[in-house]
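Work through the exercises below with the structure in view. Try each task before reading its solution.

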Protein chains: 2
Amino acid sequence: MPQADPDRSVFRAIADPTRRAILDRLRQGPAPVNELASAFSQSRPAISKHLRVLRELRVVSEQKYGRERLYRLEPAELKDVADWILPYRDFWQASLGNLKSYLENE
Amino acid sequence: MPQADPDRSVFRAIADPTRRAILDRLRQGPAPVNELASAFSQSRPAISKHLRVLRELRVVSEQKYGRERLYRLEPAELKDVADWILPYRDFWQASLGNLKSYLENE
DNA sequence: ATAATACGTATCCATTCGTTTACGTATTAT
DNA sequence: ATAATACGTAAACGAATGGATACGTATTAT
């Protein structure tokens with residue numbers, strides 16, 4: 001039975017811990033692939049594939065400089081995550097509020 | 001070769017679109033499994049498995065009432081996602097700012 | 001007591017994922 | 001011209017994922 005169409009959202013991009021680490025690193029500025037590969041002690045092709053996912057989901061962009069390719073953070077799509085999580089904020093704030101008043105009444 | 005230790009973070013919980021839909025539904029209040037299964041036109045065991053993932057990652061809690069089990073949203077862990085995404089906010093706000101000034105200067 | 005309901009779990013299967021090794025290509029250094 | 005560098009891609013593989021069907025168990029209805 002064919003599986004439902006795969007998730008092409010940014011949530012898939014950030015599902016993998018290595019990809020999140022790559023994004024965290026890119027917040028400090030663009031980086032070439034080799035630097036990322038050595039930083040995460042994984043093979044270069046592995047990182048390349050992660051970067052491809054990030055690129056296709058438009059969370060990073062690629063720019064060629066000679067034989068290097070600089071990957072740059074493109075955070076616009078990450079806003080979808082922030083927007084999705086926003087309505088939940090009320091809930092955990094309410095929970096914290098409940099805990100606070102609970103503690104105060106003890 | 002064994003894969004690196006699997007991601008047990010809340011990011012895995014929200015990686016799947018069905019699980020996100022379940023969470024969205026639970027924001028309106030606790031629900032039994034059958035209601036969720038019919039809402040998403042998937043088999044009940046499939047939903048049960050998703051709920052198990054959500055339960056293990058502490059994004060929902062389960063409570064037995066007779067033969068029903070009510071699943072309730074536990075949003076505390078989702079705060080990790082909000083915290084993770086927070087530093088990126090500056091970036092996309094900067095991008096929007098650049099776009100704004102770009103448009104204003106044309 | 002028996003039947004129906006609400007659920008979890010076991011098993012199985014196809015697909016996807018993350019990783020590695022091997023290879024090809026473009027660019028720079030000698 | 002040749003060698004070295006920086007990278008992407010192909011192929012292969014085991015592990016994990018998402019789903020379905022079949023089954024077992026506890027609870028409620030008759």
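**Exercise 1: The interface**

Task: Find how many residues of chain A and chain B are in contact.

Solution. 24 residues of chain A are in contact with 24 residues of chain B. Contact means heavy atoms within 4.5 Å. The model is predicted: local features need pLDDT of at least 70, side-chain atom pairs count only at pLDDT 80 or more, and totals for chains, interfaces and linings use all residues. Residues are numbered from 1 along each chain as its sequence is written, chains are lettered from A in the order in which they are written, and side-chain values use heavy atoms, with hydrogens and water left out.

**Exercise 2: Buried area**

Task: State how much area chain A and chain B bury between them, and which residues of chain A lose the most.

Solution. Start with the total. The two chains bury about 2500 Å² between them. Buried area is the accessible area (1.4 Å probe) that two parts lose on being put together, summed over both. Carbon and sulfur atoms carry 75% of it. Now take chain A. A:Arg27, A:Tyr88 and A:Trp92 lose the most area to chain B. Together they make up 25% of what that side buries.

**Exercise 3: Polar links and helices**

Task: Find the salt bridge between the chains, then say which helix gives the largest share of the side of chain A that touches chain B.

Solution. Count first: there is one salt bridge between chain A and chain B. A salt bridge needs a side-chain nitrogen of Lys or Arg within 4 Å of a carboxyl oxygen of Asp or Glu. Here B:Asp7 pairs with A:Arg20, and the closest N and O atoms are 3.3 Å apart. Next, the helices, which are DSSP runs (H or I, at least four residues) numbered from the N terminus. In chain A, helix H2 (17-26) and helix H5 (78-104) each supply at least two residues of the side that touches chain B. H5(A) gives the largest share, 11 residues.

**Exercise 4: An aromatic pair**

Task: Describe how the rings of A:Trp84 and A:Tyr88 are arranged.

Solution. The structure holds four aromatic pairs over all chains. Rings of Phe, Tyr and Trp (its six-membered ring) pair if their centres lie within 6.5 Å; planes under 30 degrees apart count as stacked, over 60 as edge-to-face and the rest as tilted. For A:Trp84 and A:Tyr88, the centres are 4.9 Å apart and the planes at 45°, so this pair is tilted. The two residues are four apart in helix H5 of chain A, so about one helical turn separates them. Both A:Trp84 and A:Tyr88 are buried (under 20% relative accessible area, 1.4 Å probe, protein chains only). Ring pairs also link A:Phe11 with A:Trp84 and A:Tyr88 into a cluster.

Methods. Buried < 20%, exposed > 50% of the residue type's maximum accessible area, 1.4 Å probe, protein only.
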